[in-house]
Amino acid sequence: AIHHSVLRPKWSWLLEPVSLSVICVLFLLSLVVYYWGVDGTVAMIERAPRLNRTIVAFSGSATTFVGVLRVIWYLSLCAHLAESSYVTYHCAKTLKTKPAATLEWSITTLLAGIGVTSKFLVLLEAHVSSKKSK
């Protein structure tokens, strides 16, 4: 039905500026946290004198800066999980989307966060408003 086709997320939303920015930043933070690690990231920063001076002036040390990046990564992960849970719940209970569409919303929200969640909230508000007017 039209209801189910209209309520599917568009994967192209992941390429919009806000979504793409979020995805890129989280990817870079993932490299810091999981691939390079604290020691590897600190070593890279210290090999770039200008960058190191800037970071030391800003945060005191490269190690502190990398620690802050780790905290930001984990907070971002928690925020994206919370957003995705909220979207998944309302897809299933409020909008009654099919399981495949609910999964698409969950994945796109988990990847892009607010870039996709904001679009979902518009759909949810329209649905709630249409129910109230009946």
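This passage looks at how the helices of a predicted model pack, at its nonpolar cores and at one loop residue.

Helix α4 is a good place to start, since two partners can be described along its length. The first pairing is with α2: the two axes come within 9 Å and cross at roughly 155°. With anything over 145 degrees counted as roughly antiparallel, α2 is therefore roughly antiparallel to α4. The crossing here is left-handed. On the α2 side, the residues that meet α4 include Val22, Leu26, Leu29, Val32, Val33, Val38, Thr41, Val42 and Ile45. Facing them from α4 are, among others, Ala62, Phe65, Val66, Leu69, Ile72 and Trp73. Sorted by class, the contact of α2 with α4 comes to 16 nonpolar, five polar and two charged residues.

Much of that contact shows up again in the largest nonpolar core, a set of twelve residues: Val22, Leu26, Leu29, Val32, Val33, Val42, Ile45, Ile55, Ala62, Val66, Leu69 and Trp73. The elements giving two or more residues to this core are α2 (17-46) and α4, and α2 supplies the largest share, with seven. Val66 gives a feel for the wiring: setting aside neighbours within four places in sequence, Val66 touches Val32, Val38, Thr41, Val42 and Ile45. Apart from this core lies another, of eleven residues, with Leu7, Leu14, Val87 and Ala112 among them.

The other partner is α5. Helix α4 (residues 62-95) packs against α5 (residues 99-112) at an angle of about 160°, the axes lying 8 Å apart. This pair, too, is therefore roughly antiparallel, but the crossing is right-handed, whereas that of α2 with α4 is left-handed. From α4, the contact draws on His80, Leu81, Glu83, Ser84, Val87, Thr88, Cys91 and Ala92. From α5, it draws on Thr102, Trp105, Ser106, Thr109, Leu110, Leu111 and Ala112. By class, that makes eight nonpolar, six polar and one charged residues. Val87 and Ala112, which take part in this contact, also belong to the eleven-residue core. His80 appears in both interfaces, meeting α2 as well as α5.

Between α4 and α5 there is a loop, and Lys96 is found in it. Most residues other than glycine have a negative phi. Lys96 goes the other way, with a positive phi of about 55° although it is not a glycine. Its relative accessible area is 54%, so Lys96 counts as exposed.

Definitions and conventions. Residues numbered from 1 in each chain as written. Predicted model: local features only at pLDDT ≥ 70, side-chain atom pairs only at ≥ 80, totals over all residues. Heavy atoms only, no water. Axes fitted to C-alpha atoms, helices over the stretch in contact; angles between N-to-C directions. Helix = DSSP H or I, 4+ residues; strand = E, 2+ residues; numbered from the N terminus. Parallel < 35°, antiparallel > 145°, perpendicular 65-115°, else oblique. Left-handed = near helix turned anticlockwise from the far one by under 90°. Contact = heavy atoms within 4.5 Å. Nonpolar A, V, L, I, M, F, W, Y, C, P; charged D, E, K, R; others polar. Core = buried A, V, L, I, M, F, W, Y, C linked by side-chain atoms within 4.5 Å. Buried < 20%, exposed > 50% of the residue type's maximum accessible area, 1.4 Å probe, protein only.
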